[in-house]
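Let's take a short walk through a few residues together. Have the sequence and the 3D view ready.

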Amino acid sequence: MSSFILRSIVMGIVATGLTDLWAQALARFAGLPPPNWGLVGRWFANLTTGKVFHDDIGKAPPWANELAIGWAAHYLVGVAFAAAALLIGGAGWAASPTFPLALAVGWVTVGFGWFLLQPGMGAGWAASKRPNAMQIRILNVVSHTIFAIGLYVAALALAR
């Protein structure tokens, strides 16, 4: 059990960290704004009140420490998806990881953003309320593919 927890934490942190490096590269070299983890934290904090969907999370009252909440939630979700990969793949996958499973988990995580987080924050299903919805969708798929690469690389390192 402790091996499962440790693997989940390491894989989740590596995969999420790689995704964050990608976001920093996009900000630096492509001029795209980085994710606003404060607003994500506000959304997560509002879940404690039972409110999931907002018209515009930016207009919801701020919460104390929402930036820290957002960053913590971002990494905890990464760890949860790493745990899901390990549960799906089992001991065999942990001992000999393959990329297709990591990619499948990475792409499933896109759905959570498109059908829970984005509409919950007021962006609509798959960012449909944003003027650059297709760009956001493409960036989501690429970013979560990078998350999958991080899962796979971390799983390989832990298997050795």
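Which polar atom lies 2.9 Å from the backbone nitrogen of A127? A polar atom of the side chain of Q118 does. Keep in mind that this is a predicted model.

## Q118 and its surroundings

You will find Q118 in helix α4, which covers residues 99–121. Its relative accessible area is 13%, and because the cut-off for buried is under 20%, Q118 counts as buried.

Who are the partners of Q118? Once neighbours within four places in sequence are left aside, Q118 is in contact with G113, A123, G124, A126, A127, I136 and N140. A127 thus appears in that list, and its backbone nitrogen is the atom at 2.9 Å from the Q118 side chain.

## F112 and the nonpolar patch

Helix α4 also holds F112. With a relative accessibility of 43%, F112 is partly exposed, because that class runs between 20% and 50%.

F112 also belongs to a nonpolar patch on the surface, together with F53, V108, F115, L116 and W125. The patch has an area of about 610 Å².

## S143 in helix α5

Now move on to helix α5, residues 133–159, where S143 sits. Is S143 buried or exposed? It is buried, because its relative accessibility of 13% falls under the 20% cut-off.

Apart from neighbours within four places in sequence, S143 is in contact with T19 and W22. Try showing these residues with S143 in your viewer.

How values were computed
Residues are numbered from 1 along each chain as its sequence is written. This is a predicted model: local features need pLDDT of at least 70, side-chain atom pairs count only at pLDDT 80 or more; totals for chains, interfaces and linings use all residues. Side-chain values use heavy atoms; hydrogens and water are left out. Helices (H or I, at least four residues) and strands (E, at least two) are DSSP runs, numbered from the N terminus. Buried means under 20% relative accessible area, exposed over 50%, partly exposed in between (1.4 Å probe, protein chains only). A polar contact is a pair of N or O atoms within 3.5 Å; within protein, one must be able to donate a hydrogen and the other to accept it, and residues adjacent in sequence count only if both atoms are side-chain atoms. Contact means heavy atoms within 4.5 Å. Patches are made of residues with over 30% relative accessible area and no salt bridge: like charges are joined within 9 Å, nonpolar side chains (Val, Leu, Ile, Met, Phe, Trp, Tyr) within 5 Å. Accessible areas come from the Shrake-Rupley method with a 1.4 Å probe; for residues, only the protein chains shown count as cover. A salt bridge is a side-chain nitrogen of Lys or Arg within 4 Å of a carboxyl oxygen of Asp or Glu.
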